[in-house]
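I set out to record, entry by entry, what I looked up in this structure. The entries follow the order of my reading.

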Amino acid sequence: GGAEPGAMAASDISNLSPTEIADRLFDRVMRLSQEGKTDSVAFFAPMAAQAYQMMEQAQGHPFDADQRFDVGRIGVVAGARQVAKAEADTILRQQPDHLLGLLLAAQAAKLGGNTAAMAAYKAAFARVKARELAKNLPEYTRHKAEIEAGF
C-alpha cells in the first residue's frame, strides 16, 4: 500500500492493549533517562503515567507492587518525587520489607534531599535483601538488575 511509515506506526499502537502501551512507554522513558535525554524524559513521562492510569482502569483492580514500582521509577527519572514517594509508601504499607518499595523509597528520599531517610531505607534493604530474594517473587526476577545495582 501507499501508507506512510509514520501512519503505520500510529495504527500499530492502536492495536496494543493498555498494558502493552504502558510497557513500551516505560521502556522508552527508562532508555531516554539512561541516555541522559532529560527533555525527552520530561516529554514522555506524563504520557507513560497516563498510560499506567489507563492500564489500571482496564484491569479493574489496584496495581501490584511491580506496577507501582514502574510508576514510581517514572517519577524518579522525571524528578517527580511525590509520585515516587506515594508509590513507595503504598508498596511498603502493604509489604513493609518489599525490596522494590525500599529501593523506590530510598530514591524518593534522595530526590528530596533527605539523606537520613535514604540511609534508613538503604539499611532496611540490606537487612531484608536475602530473605526477600528467597521468596522468588516475579517482580524480583523482572527487576533483578535494579535490585543488584541498588542505589
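**Entry 1: Leu104 and the nonpolar cores**

I began with the surroundings of Leu104 in this predicted model. Leaving out residues up to four places away in sequence, I found that Leu104 touches Arg68, Phe69, Gly72, Arg73, Val76, Ala84, Glu87, Ala88 and Ile91. I then noted another core lying apart, with 16 residues, including Ala22, Leu32, Phe44 and Met55.

Next I turned to the largest nonpolar core and asked which of its residues touch the most other members. They are Leu104 and Ile147, out of 20 residues in that core. I listed the elements that contribute two or more residues to this core: α4 (65-78), α5 (81-94), α6 (99-111) and α7 (115-133). The greatest contribution comes from α6, which gives seven residues. As a general remark, I wrote down that nonpolar side chains tend to be buried together in soluble globular proteins.

**Entry 2: The chain as a whole**

I looked up the secondary structure and recorded nine helices and zero strands. The order from the N terminus is therefore written α-α-α-α-α-α-α-α-α, by runs numbered from that end. Along the principal axes, the C-alpha atoms fill a box of roughly 60 × 30 × 25 Å. The chain has 151 residues, and 38% of them are buried. I also looked at contacts with a separation of 6 or more: 56% of these are between residues 24 or more positions apart.

**Entry 3: Helix α4 and its partners**

I examined the pair α3 and α4 first. Helix α3 covers residues 38-59, and its axis comes within 9 Å of the α4 axis, crossing at roughly 160°. Because angles over 145 degrees count as roughly antiparallel, α3 is roughly antiparallel to α4. Their crossing is left-handed. On the α3 side, I found Val41, Ala45, Ala48, Tyr52, Met55, Glu56 and Gln59. These meet Gln67, Arg68, Asp70, Val71, Ile74, Val77 and Ala78 in α4.

I then asked at what angle α4 and α5 pack. The angle is about 160°, and the axes are 7 Å apart. This makes α4 roughly antiparallel to α5. Here, too, I recorded a left-handed crossing. From α4, the contact involves Ala65, Arg68, Phe69, Val71, Gly72, Gly75 and Val76. From α5, it involves Arg81, Val83, Ala84, Glu87, Thr90 and Ile91.

**Entry 4: Ala108**

I located Ala108 in helix α6. Is Ala108 buried or exposed? Its relative accessible area is 2%, so Ala108 counts as buried. I looked for its contacts, leaving aside neighbours within four places in sequence, and found Arg81, Ala84 and Lys85. For Ala84, I also noted the distance to Ala108: 5.6 Å from C-alpha to C-alpha, with their positions 24 residues apart in sequence.

**Entry 5: Salt bridges**

I searched the whole structure and obtained eight salt bridges. In general, side chains of opposite charge can pair when their charged atoms come close.

One of the bridges joins the side chains of Asp70 and Arg142, at 2.9 Å from N to O. This pair links distant parts of the chain, as Asp70 is in helix α4 and Arg142 is in helix α8 (residues 138-142), 72 residues apart. I compared each partner with the accessibility cut-offs. Asp70 has 2% relative accessibility, so Asp70 counts as buried. Arg142 has 40% and therefore counts as partly exposed.

A further bridge is formed by Lys135 and Glu132, whose closest N and O atoms are 2.6 Å apart. Lys135 is partly exposed at 48% relative accessibility, whereas Glu132 is buried at 2%.

I also looked up Lys144 and Glu148, which form a salt bridge with the closest N and O atoms 3.7 Å apart. Both residues lie in helix α9 (residues 144-149), four residues apart, or about one turn of the helix. Lys144 has a relative accessible area of 48% and is partly exposed. Glu148 has 54%, so Glu148 counts as exposed.

Finally, I asked which residues are joined into one network by salt bridges that share partners. They are Asp66, Asp70 and Arg142.

Note on methods
Residues numbered from 1 in each chain as written. Predicted model: local features only at pLDDT ≥ 70, side-chain atom pairs only at ≥ 80, totals over all residues. Heavy atoms only, no water. Core = buried A, V, L, I, M, F, W, Y, C linked by side-chain atoms within 4.5 Å. Buried < 20%, exposed > 50% of the residue type's maximum accessible area, 1.4 Å probe, protein only. Contact = heavy atoms within 4.5 Å. Salt bridge = Lys/Arg side-chain N within 4 Å of Asp/Glu carboxyl O. Axes fitted to C-alpha atoms, helices over the stretch in contact; angles between N-to-C directions. Parallel < 35°, antiparallel > 145°, perpendicular 65-115°, else oblique. Left-handed = near helix turned anticlockwise from the far one by under 90°.
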